[in-house]
Amino acid sequence: MGMGRYQKSTTSSSSSSGVSARWVFVLCVSSFVLGVLVVNRLLATSEIVVDGIERASPVQNDQARSLHPLIDCESKEGDILSRVSHTHDVIKTLDKTISSLEVELATARAARSGGGDGSPAVAKSEADKSNKIRPRMFFVVGIMTAFSSRKRRDSIRGTWLPKGEELKRLETEKGIIMRFVIGHSSSPGGVLDHTIEAEEEQHKDFFRLNHIEGYHELSTKTQMYFSSAVAKWDADFYVKVDDDVHVNLGMLGSTLAHHRWKPRVYIGCMKSGPVLAQKGVKYHEPENWKFGEEGNKYFRHATGQIYAISKDLATYISVNRRLLHKYANEDVSLGSWFIGLDVEHIDDRSLCCGTPLDCEWKGQAGNPCAASFDWSCSGICKSVDRMLQVHQRCGEGDGAIWHTSF
């Protein structure tokens with residue numbers, strides 16, 4: 001009886017265990033299949049994420065770049081540099097415009113002030129004329145002369161200076177103004193002034209200044225010339241030349257054209273001579289103590305026979321003429337006015353060639369000089385007698401100015 005109960009119990013237990021094993025097997029198989037499906041799905045999703053950038057459409061790529069700007073860093077860098085460059089160009093253009101407006105305002109003020117320098121007036125004020133629109137000229141040449149220099153003026157008129165209708169044509173076709181520059185005598189309306197007026201009536205090539213002529217007043221005369229010229233003519237350059245210097249106008253124009261777009265240039269043969277402290281010698285400097293110890297040299301400046309300055313510098317002289325100090329020597333005075341300013345000094349040796357054989361050799365070598373004179377005489381020695389000779393041997397040809405493009 002006991003054995004029967006044991007067998008029954010064993011049978012029931014085996015039957016119960018057999019059912020559980022089957023269910024476990026089914027569950028295991030189901031879990032394996034489900035696991036395979038899930039893994040395959042995850043792998044497919046991963047491939048799409050990894051290759052998303054390559055497989056994405058152009059619109060999706062643009063959206064991705066907007067969300068992640070570092071992806072397109074190279075193109076962004078180029079775009080930034082382009083914008084910076086454009087902004088720099090705009091600033092430069094604006095600066096030039098402001099500078100131009102400042103120059104025009106200063107010129108108008110200088111013209112309006114007229115002859116308020118305390119000297120008796122000879123020429124009429126140009127203030128009213130300045131209100132009209134002025135044509136833009138290339139350059140103005142002021143030939144410094146004196147009452148006693150009629151023969152020098154005639155030697156220039158007979159060589160490198162056009163006359164009459166040719167002088168007018170030079171203005172209209174080339175934008176070049178050329179005038180002999182002279183003031184008035186200490187007795188206005190006297191014989192000397194009447195003589196100049198008669199000469200002016202004949203040649204129409206004078207520019208009269210509100211200035212009393214005198215050798216020791218050359219610095220003042222130079223200052224007056226630039227101030228008056230910039231008020232009368234709107235030009236790129238203003239040139240000062242002595243009446244015993246030979247000039248090749250075509251070469252001078254070509255020289256200036258190289259620097260036409262520079263705002264503040266000072267062009268000439270730059271030098272730095274000794275400051276002469278000894279009284280009684282030529283070119284004595286009474287204010288030598290300002291330049292340091294005896295034996296010192298001047299600052300760099302252009303030799304006085306011929307030089308050119310741009311419009312901005314001529315306007316600066318005009319506006320500040322009452323504040324600019326004048327030394328004994330005219331070329332030193334001009335150089336001192338530009339010390340401390342943002343000015344480009346251009347040393348051009350074609351503006352200080354010697355007379356034959358120097359200028360002749362250079363011309364034959366294909367490098368004609370813009371100006372010629374003798375250093376020993378601070379001009380052409382015996383210029384009245386030798387100007388024609390220098391012109392014939394060192395001149396560029398009478399028609400050169402008309403065939404030269406600027």
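Here are some notes on this predicted model, taken point by point.

1. Start with strand β2, residues 176-184. This strand is mostly covered, with 9 of its 9 residues buried. On one side of the pairing list is strand β1 (residues 136-144), which runs parallel to β2 over 6 bridges. If you want a spot to check that register by eye, look at F139, whose bridge partner in β2 is I176.

2. β2 also pairs with strand β3 (residues 206-212), again in the parallel sense, this time over 4 bridges. Here the residue to click on is F180, with F206 as its bridge partner in β3. To get from β2 to β3 the chain passes through helix α8 (residues 191-203), and the resulting β-α-β crossover is right-handed.

3. V181 is a handy residue for looking at this part of the model. It sits in strand β2. Is V181 buried or exposed? Its relative accessibility is 0%, so V181 counts as buried, the cut-off being under 20%. From V181 to F207 the C-alpha to C-alpha distance is 4.9 Å, although the two are 26 residues apart in sequence.

4. Next, strand β7 (301-310). All the way along, 10 of the 10 residues of β7 are buried, so the strand is largely enclosed by the rest of the structure. β7 has antiparallel pairings with two strands that I'd look at together. With β4 (234-242), β7 shares 5 bridges, running antiparallel, and K240 has Y307 of β7 as its bridge partner. With β6 (residues 265-271), there are 5 bridges, also antiparallel, and Y266 stands opposite I309 of β7.

5. Helix α11 covers residues 311-319. Why call α11 largely enclosed by the rest of the structure? Because 7 of its 9 residues are buried. The buried ones are K311, D312, L313, A314, T315, I317 and S318. Notice that K311 and D312 are on that list, so I'd look at them with the charged class in mind.

6. Now the largest pocket. About 1200 Å³ of space lies in it, and 41 residues line it. Which residues lie nearest its centre? They are Y215, L218, D242, Y283 and E330. Several elements contribute to the lining: α9 (218-232), β4, β7 and α12 (330-337) each supply at least two residues. That brings back β4 and β7, the antiparallel pair joined by 5 bridges. As for chemistry, the lining of the largest pocket is a mix, with 14 nonpolar, 15 polar and 12 charged residues.

7. On to the cysteines. How many disulfides does the structure hold? There are 4. With the bonded cysteines numbered in sequence order, they pair as 1-2, 3-5, 4-8 and 6-7. Three of these links are taken up in the points below.

8. C269 and C352 form a disulfide with their sulfur atoms 2.1 Å apart. The torsion about the S-S bond is about -100 degrees, so this disulfide is left-handed. C269 lies in strand β6 while C352 is in the loop between β8 (344-347) and α13 (358-364), so the pair ties together parts that are 83 residues apart in sequence. Both C269 and C352 are buried.

9. For C353 and C369, the sulfur atoms are 2.0 Å apart and form a disulfide. The link is left-handed, with -90 degrees about the S-S bond. This pair links distant parts of the chain: C353 is in the loop between β8 and α13, and C369 is in the loop between α13 and β9 (371-372), 16 residues apart. C353 is buried, as is C369.

10. Last, C377 and C381. Their sulfur atoms are 1.8 Å apart and form a disulfide. Which hand does the link of C377 and C381 have, left or right? With 95 degrees about the S-S bond, it is right-handed. C377 is partly exposed, at a relative accessible area of 35%.

Methods
Residues are numbered from 1 along each chain as its sequence is written. This is a predicted model: local features need pLDDT of at least 70, side-chain atom pairs count only at pLDDT 80 or more; totals for chains, interfaces and linings use all residues. Side-chain values use heavy atoms; hydrogens and water are left out. Buried means under 20% relative accessible area, exposed over 50%, partly exposed in between (1.4 Å probe, protein chains only). Two strands pair if DSSP finds at least two bridges between them. A crossover is right-handed if, with the strands pointing away from the viewer, the path from the first strand over the helix to the second runs clockwise. On a 1 Å grid over the protein atoms alone, a cavity is a set of points where a 1.4 Å probe fits but cannot get out, and a pocket is an open set with protein on both sides within 12 Å along at least five of seven lines; lining residues have an atom within 4 Å of a point. Grid points are joined across faces, edges and corners, and a volume is the space filled by probe spheres set on the points. A disulfide is a pair of cysteine sulfur atoms within 2.5 Å.
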